[in-house]
Amino acid sequence: MTTPLAITDIPALDDRRLRAELEALLEDAVNSGASVGYHAPLESHWKRTFWDGVEAQLYGGAHRLLIAHGPEGELLGSVQLALCTKPNGAHRAEVQKLLVFTRHRRNGVARRLMAAVEDAARGLGRSLLVLDTLKGDSGEPFYEATGWRRAGLIPGYTVEADGAFGDTVLFYKTL
């Protein structure tokens with residue numbers, strides 16, 4: 001089943017309602033096991049700190065935030081694009097923090113967000129995208145199924161809540 005949705009490139013996080021929805025999205029992702037840099041249960045100050053950082057990056061101009069919202073305007077998910085600003089990297093960007101509310105997963109939201117972020121990158125003259133995901137996470141087969149190529153693995157990249165180290169898988173896609 002595919003959820004009807006619209007995707008918007010958000011230039012700033014000055015909408016209080018959207019900001020609250022984004023904080024709830026991050027909390028939902030972390031508390032459902034997503035490896036996005038935090039451990040469950042996600043404390044309130046981390047939600048604010050995370051989105052404050054995204055807001056600062058948006059103002060810097062080298063970052064994009066795309067959100068998917070449903071027909072009633074409800075937030076379904078988001079994804080970010082970090083543009084390389086170095087002269088030798090003007091052709092590349094990093095896809096970061098693909099997040100979809102658990103209640104909207106398996107409905108095509110993530111696929112549509114990834115297609116949109118790839119289109120945005122193309123529109124900005126980017127021809128190479130990279131991303132990483134926790135080895136064994138649901139993201140790994142998802143990225144492979146959407147045309148991303150495995151570039152390698154970094155062992156012990158993350159520290160999980162139980163203290164164990166987690167490996168990260170690097171992916172790239174040529175546009």
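User: Let me start with one residue: which residues does Val95 touch, not counting residues up to four places away in sequence?
Analyst: Contact here means heavy atoms within 4.5 Å. By that rule, and leaving out residues up to four places away in sequence, Val95 touches Val79, Gln80, Leu81, Met114, Val117, Leu129, Val130, Leu131 and Trp148. Please keep in mind that this is a predicted model, in which local features need pLDDT of at least 70 and side-chain atom pairs count only at pLDDT 80 or more, while totals for chains, interfaces and linings use all residues. Residues are numbered from 1 along each chain as its sequence is written, and side-chain values use heavy atoms, with hydrogens and water left out.

User: How do I read a nonpolar core, and which residues of the largest one touch the most other members?
Analyst: In soluble globular proteins, nonpolar side chains tend to be buried together. A core here is a set of buried Ala, Val, Leu, Ile, Met, Phe, Trp, Tyr and Cys residues joined through side-chain atoms within 4.5 Å. Accessibility is computed with a 1.4 Å probe on protein chains only: buried is under 20% relative accessible area, exposed is over 50%, and partly exposed is in between. The largest nonpolar core has 26 residues, and those touching the most other members are Val79, Leu81, Val95, Leu98, Met114, Tyr143 and Trp148. Two or more of its residues come from each of strand E2 (63-69), strand E3 (75-83), E4, H3, E5, H4 and strand E7 (165-174). Helices (H or I, at least four residues) and strands (E, at least two) are DSSP runs, numbered from the N terminus. H3 gives the most to this core, with eight residues. A second, separate core holds 20 residues, among them Ala29, Val36, Leu42 and Phe50.

User: How many aromatic pairs does the structure hold?
Analyst: A pair of aromatic rings is described by the distance of the centres and the angle of the planes. Rings of Phe, Tyr and Trp (its six-membered ring) pair if their centres lie within 6.5 Å; planes under 30 degrees apart are stacked, over 60 edge-to-face, and the rest tilted. There are six such pairs in this structure. Tyr143 and Trp148 form an edge-to-face pair, at 6.3 Å centre to centre with 65° between the planes, and both residues are buried. Tyr143 also pairs with Phe171: the centres are 5.9 Å apart and the planes stand at 50°, so this pair is tilted. Because Tyr143 lies in helix H4 and Phe171 in strand E7, the pair ties together parts that are 28 residues apart in sequence. Elsewhere, ring pairs link Tyr38, Trp46, Phe50 and Trp51 into a cluster.

User: What is the volume of the largest pocket, and which residues are the closest to its centre?
Analyst: A 1 Å grid over the protein atoms alone is searched with a 1.4 Å probe; a cavity is a set of points where the probe fits but cannot get out, whereas a pocket is an open set with protein on both sides within 12 Å along at least five of seven lines, and lining residues have an atom within 4 Å of a point. The largest pocket has a volume of about 1,300 Å³, and the closest to its centre of its 48 lining residues are Ala34, Leu98, Asp137, Gly139 and Tyr143. Elements giving two or more residues to the lining include helix H1 (16-31), helix H2 (44-60) and strand E4 (92-100). E4 gives the most, with seven residues. The lining divides into 23 nonpolar, 17 polar and eight charged residues.

User: Which residues other than glycine have a positive phi?
Analyst: Two to look at are Lys97, with phi of about 50°, and Arg106, with phi near 70°. Lys97 is in strand E4 and is partly exposed at 30% relative accessibility. Arg106 is in the loop between E4 and H3 and is exposed at 80%. For backbone geometry, see also the cis peptide bond joining Ala40 and Pro41, with omega of about -5°; Pro41 is in the loop between H1 and H2.

User: What separates the C-alpha atoms of Leu153 and Val169?
Analyst: They are 4.5 Å apart, with their positions 16 residues apart along the chain. Leu153 lies in strand E6 and is partly exposed, with a relative accessible area of 40%. Leaving aside neighbours within four places in sequence, Leu153 is in contact with Lys135, Asp167, Thr168 and Val169. Try Thr85 and Gly108 too: they are 23 residues apart along the chain, and their C-alpha atoms are separated by 31 Å.

Technical notes. Grid points are joined across faces, edges and corners, and a volume is the space filled by probe spheres set on the points. Ala, Val, Leu, Ile, Met, Phe, Trp, Tyr, Cys and Pro count as nonpolar, Asp, Glu, Lys and Arg as charged, and the others, Gly among them, as polar.
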